[in-house]
Amino acid sequence: MRVPSSVPAPSRKRKKGRFRLFATSALVMSTAMVARPAPAHAQQATAERRAGELRFDIPAGPLDGVLRAFEAATGLTVQVALPADTVAMMDSPGVSGTFTMQAALERLLDGTSLAATMQPGSLVRIEVRRMSESVQVTGQLPHVESPKYGSPLSSTPQTIQVIPQSVMAEQGTFALSDALRNVPGITLQAGEGGGASNTAGDMFNMRGFSAANSLFVDNVRDDGLITRDVYNLEQVEVYLGPTGSDVGRGNAAGYVNMATKTPKSAAAYTGALSYGTAENKRITADINQPLTIGEPGSWLSGTAVRLNALWQDGGIAGRDYAENERRSIAPSISMGLGSPTRVTVQGQFTRQDNVPDYGIPSAAWNEPLTPTTVLASRAVRQENYYGSPNVDYDRADQTSVTARIEHDINRTWSLRNQTRYNQTEREAVVTAIASGASFVQATETVTFSRQANTRDNSIISNQTYLTGRARTGSVSHALTASVELISEDYSAPGLTGVGTRAAESIYNPNPFAPVADFALVPSGATTDGTTRTIAASAFDVVNLTPRVQVSGGIRVENYDTDYRAVTVAGVVTEANAADTIFSGKAGLLYQFSPIGNAYVSYGTTVTPPGTGNFALSTQANNANNPNVDPQVSRNIEVGTKWELFQRRLSATLALFETRNTNVIYTIDATTVPPLFNQDDEQRVQGATLGLLGQLTDHWNVMANFAFMDGRQVSQNAATDNMRITLLPEWSGSLWTTYAVRAFSFGGGIRFTEKAYVNTANTIAVPAYTLVDAVASYAVNSHLTLRLNGYNLTDEVYIRSVNNNGGRYMPGLTRSVLFSTQFGF
């Protein structure tokens with residue numbers, strides 16, 4: 001086998017259908033090939049044996065070595081459409097057993113985003129896998145985009161759940177929060193007692209811990225209170241458990257990374273039109289075009305542009321008056337595709353203009369949500385809207401720009417630098433239910449809280465990664481080192497003049513009742529925060545033997561947070577927190593066979609003051625006081641991962657325990673200063689099971705189930721051993737489709753048990769189960785029609801309850817969505 005370090009660009013032909021590459025950024029930038037002919041005796045042997053089966057025993061290892069072993073076993077010549085340094089960076093699971101040559105190739109290429117095609121004679125061509133016509137779950141096993149992971153997902157000793165774009169398209173998923181419903185243990189937040197206009201957007205808990213400040217785009221933290229759309233995403237990656245070595249200061253939950261679309265070397269033109277219940281209208285477009293510039297074979301000849309666009313407008317099934325409108329455009333350009341040096345510049349510009357909905361009074365539910373809830377005397381229509389749509393609004397603008405340079409130093413080492421800037425501005429005026437006392441039983445009316453909030457978040461990050469492979473004797477290493485500089489800022493000026501609204505009947509509220517004295521102006525109060533971070537990390541995956549792998553990583557991070565708050569009266573509060581923190585992880589994996597392994601891993605995360613929202617406190621017994629110790633989370637996990645059904649299905653099982661320590665317990669709040677210690681903790685013990693891939697060529701499945709027992713370990717007898725908030729004990733989801741010729745049918749079930757909202761476990765979100773379905777028909781290679789049905793049983797349920805139990809957000813009623821998907 002001969003893989004060139006630099007190769008000429010191939011001629012470009014228009015490809016029919018819709019193309020999607022499930023590959024890392026290095027792979028999608030490779031475009032050419034050169035090969036040497038096989039010896040004559042090998043060609044003769046191939047002609048005789050190609051149709052039959054052979055016995056293979058090729059162990060897992062670097063892809064270039066595995067392909068050489070395949071050549072030796074078969075007499076074929078492998079022609080690879082990738083630079084040699086790219087191939088050397090890739091791992092193959094190997095192949096063991098009796099297979100045809102084609103079947104053996106498919107197995108040794110699993111997880112690599114490459115496809116093999118048998119050519120005339122003794123030639124095999126290997127190239128980047130192209131996107132299929134349909135939006136099915138492909139047989140390709142999941143992978144992650146982070147350069148910090150030096151081994152395939154199947155050999156990574158950690159629970160990581162991947163939601164592919166194909167599944168999101170099948171489900172008719174538009175928002176990140178909907179995509180995350182595929183992951184058990186994630187619960188949406190409803191905010192604080194009032195309107196909580198400063199906690200809207202994608203706010204949720206993972207494994208019982210707040211995931212605030214734990215959203216990432218292309219491995220960069222993505223601050224900002226906005227509903228994130230999935231139209232420009234290749235996939236969503238959910239890293240569960242303490243992962244401070246990956247991303248630095250955070251929480252015990254883990255984090256979510258959104259991998260965005262980038263230009264590819266093949267032309268593709270796709271889009272979708274959707275219309276559904278509540279007059280939901282949506283248009284998306286995805287245009288990828290290689291450019292003919294520069295001399296053939298030159299660096300500029302590997303240039304392509306891509307444009308993703310979105311427009312959506314419509315209501316919410318089962319909710320009166322509430323509306324969501326989003327417009328977004330994401331242009332990008334890549335240069336040097338297929339060369340040792342690639343440059344990508346991409347942007348995304350999003351505008352959101354919603355009529356907000358902050359739910360209905362807890363008195364409207366069919367049973368008390370809290371011990372003190374007073375119910376209305378008769379049934380309340382769950383579609384009732386208690387906001388003021390003529391004056392309420394939720395507007396947000398988000399601008400992000402990313403520049404990435406990647407250079408292959410040689411066959412085994414690559415350098416990558418990425419700079420990303422993101423700014424999110426949001427302003428909202430809301431009418432909400434402040435608490436359970438907002439319902440007046442004597443008159444059966446509801447009083448309203450009028451609130452306003454504006455906030456500006458910005459972040460600029462520069463990351464430099466050095467990745468490569470090396471050997472020390474017989475031991476191989478997959479190494480990653482990185483340096484990161486981050487600057488984060490936020491500003492939240494106060495607003496006043498929100499007006500007042502008279503009480504309304506709980507049964508027949510008038511959303512267009514007048515709001516008196518509405519004249520929004522700055523109040524003079526403001527809150528500002530900044531955090532500057534310098535971090536360095538190193539990771540190594542060590543293959544001690546073909547069966548034993550040891551991995552580990554460490555991150556050292558120095559941060560400096562400044563906080564300043566000014567009240568309306570001009571009282572200034574300032575605070576500063578600065579420290580150097582360390583996070584790490586380690587894993588040991590044993591490979592039973594090419595398709596299965598078992599592992600044990602350990603990881604930590606540090607949560608210093610001000611991590612979640614930049615807010616520092618001067619109160620002595622507050623977790624955000626700069627003088628208290630940071631919370632430290634530790635996770636130990638034991639699991640097993642298998643690639644089943646001819647390596648088309650990924651199956652994972654994990655048992656874990658997460659402990660979050662240094663939690664504050666106040667002994668006496670009346671003393672000055674308050675008497676407290678940090679001896680409380682939170683503990684979650686659980687198990688997760690996941691499946692993703694294909695049971696047969698026509699049957700696709702994604703399933704995730706979790707059992708999690710989260711408890712408070714407290715000196716307070718009232719809360720000790722109580723369940724951690726927003727953590728259902730049992731939860732799970734199943735999504736499956738089956739294709740018959742041009743038709744595809746399927747559906748899914750999502751269930752979640754009761755989850756408590758407060759530490760005393762007196763306020764709960766009731767359990768619920770939802771059933772969805774999908775049917776699609778491929779009219780031809782360019783057009784697919786799809787019909788989605790949601791909540792087919794029309795279950796009446798609650799999506800979220802606010803922290804004092806005064807209001808809740810009703811679940812979506814039965815609804816449908818019709819979509820047409822086209823591609824050329």
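# How the terms are earned

Tutor: Arginine 741 lies in the loop between β37 (730–740) and β38 (743–752), where strands are DSSP runs of E with at least two residues and helices are runs of H or I with at least four, all numbered from the N terminus. The model is a predicted one, in which local features need pLDDT of at least 70, side-chain atom pairs count only at pLDDT 80 or more, and totals for chains, interfaces and linings use all residues. Residues are numbered from 1 along each chain as its sequence is written, and side-chain values use heavy atoms, with hydrogens and water left out.

Student: Why is arginine 741 called exposed or buried?

Tutor: Its relative accessible area is 85%, so arginine 741 is exposed, since the term requires over 50%, while buried means under 20% and partly exposed lies in between (1.4 Å probe, protein chains only). Arginine 741 also has a positive phi of about 55°, although it is not a glycine.

Student: What makes aspartate 218 buried or exposed?

Tutor: Aspartate 218 has a relative accessible area of 7% and therefore counts as buried. Like arginine 741, it is not a glycine and has a positive phi, here of about 50°; its place is the loop between β12 (215–217) and β13 (220–221). In the chain of 824 residues, 58% count as buried.

Student: How do you know what length helix α2 should have?

Tutor: The expected span is 1.5 Å times one less than the number of residues. For the 12 residues of α2 (residues 63–74) that should give 16 Å, and because the end C-alpha atoms are 16 Å apart, the model agrees with the expectation. The buried residues of α2 are Leu63, Asp64, Val66, Leu67, Phe70, Glu71 and Thr74. These residues cover an arc of only 160° around the axis, so they lie on the same side of α2, the arc being that of the directions from the helix axis to the C-beta atoms. After α2 comes glycine 75, with a positive phi near 80°.

Student: What makes a group of residues a nonpolar core, and which residues have the most contacts inside the largest one?

Tutor: The term is kept for buried Ala, Val, Leu, Ile, Met, Phe, Trp, Tyr and Cys residues joined through side-chain atoms within 4.5 Å. The largest such core has 28 residues, and Leu180, Phe204, Met206, Val236, Val238 and Val256 have the most contacts inside it. At least two residues each come from α6 (176–179), β10 (204–206), β12, β14 (233–240), β15 (254–260) and β36 (699–713), with β14 giving the largest share, four residues. A second, separate core of 22 residues includes Leu63, Leu76, Val80 and Leu105.

Student: Which residues does methionine 206 touch beyond its neighbours in sequence?

Tutor: With neighbours within four places left aside, methionine 206 is in contact (heavy atoms within 4.5 Å) with residues including Gly185, Ile186, Ala211, Val238, Tyr255 and Val256.

Student: Why are β24 and β28 placed at the edges of their sheet?

Tutor: Two strands pair if DSSP finds at least two bridges between them, and the open sheet of three strands has the order β24-β25-β28, with antiparallel pairing. Because β24 (439–440) and β28 (504–505) each have a single partner strand, one side of each is left without a neighbour in the sheet. Strand β25 (residues 445–446) and β28 share two bridges, which satisfies the requirement of at least two; in this pair valine 446 stands opposite glutamate 504.

Student: How do you know that β18 and β19 pair, and in which sense?

Tutor: DSSP gives 13 bridges between β18 (residues 303–316) and β19 (residues 319–335), and the sense is antiparallel; arginine 306 stands opposite serine 332 in β19. Their hairpin has two residues between the strands, and glycine 318 takes a positive phi near 85° there. Strand β19 is also joined to β20 (residues 341–354) by eight antiparallel bridges, with serine 328 facing threonine 350 as its bridge partner. In that hairpin, with five residues between the strands, glycine 336 has a positive phi near 80°.

Student: What is the peptide bond from valine 672 to proline 673, cis or trans?

Tutor: That bond is cis, with omega near -5°, and proline 673 sits in the loop between β34 (649–668) and β35 (675–694).
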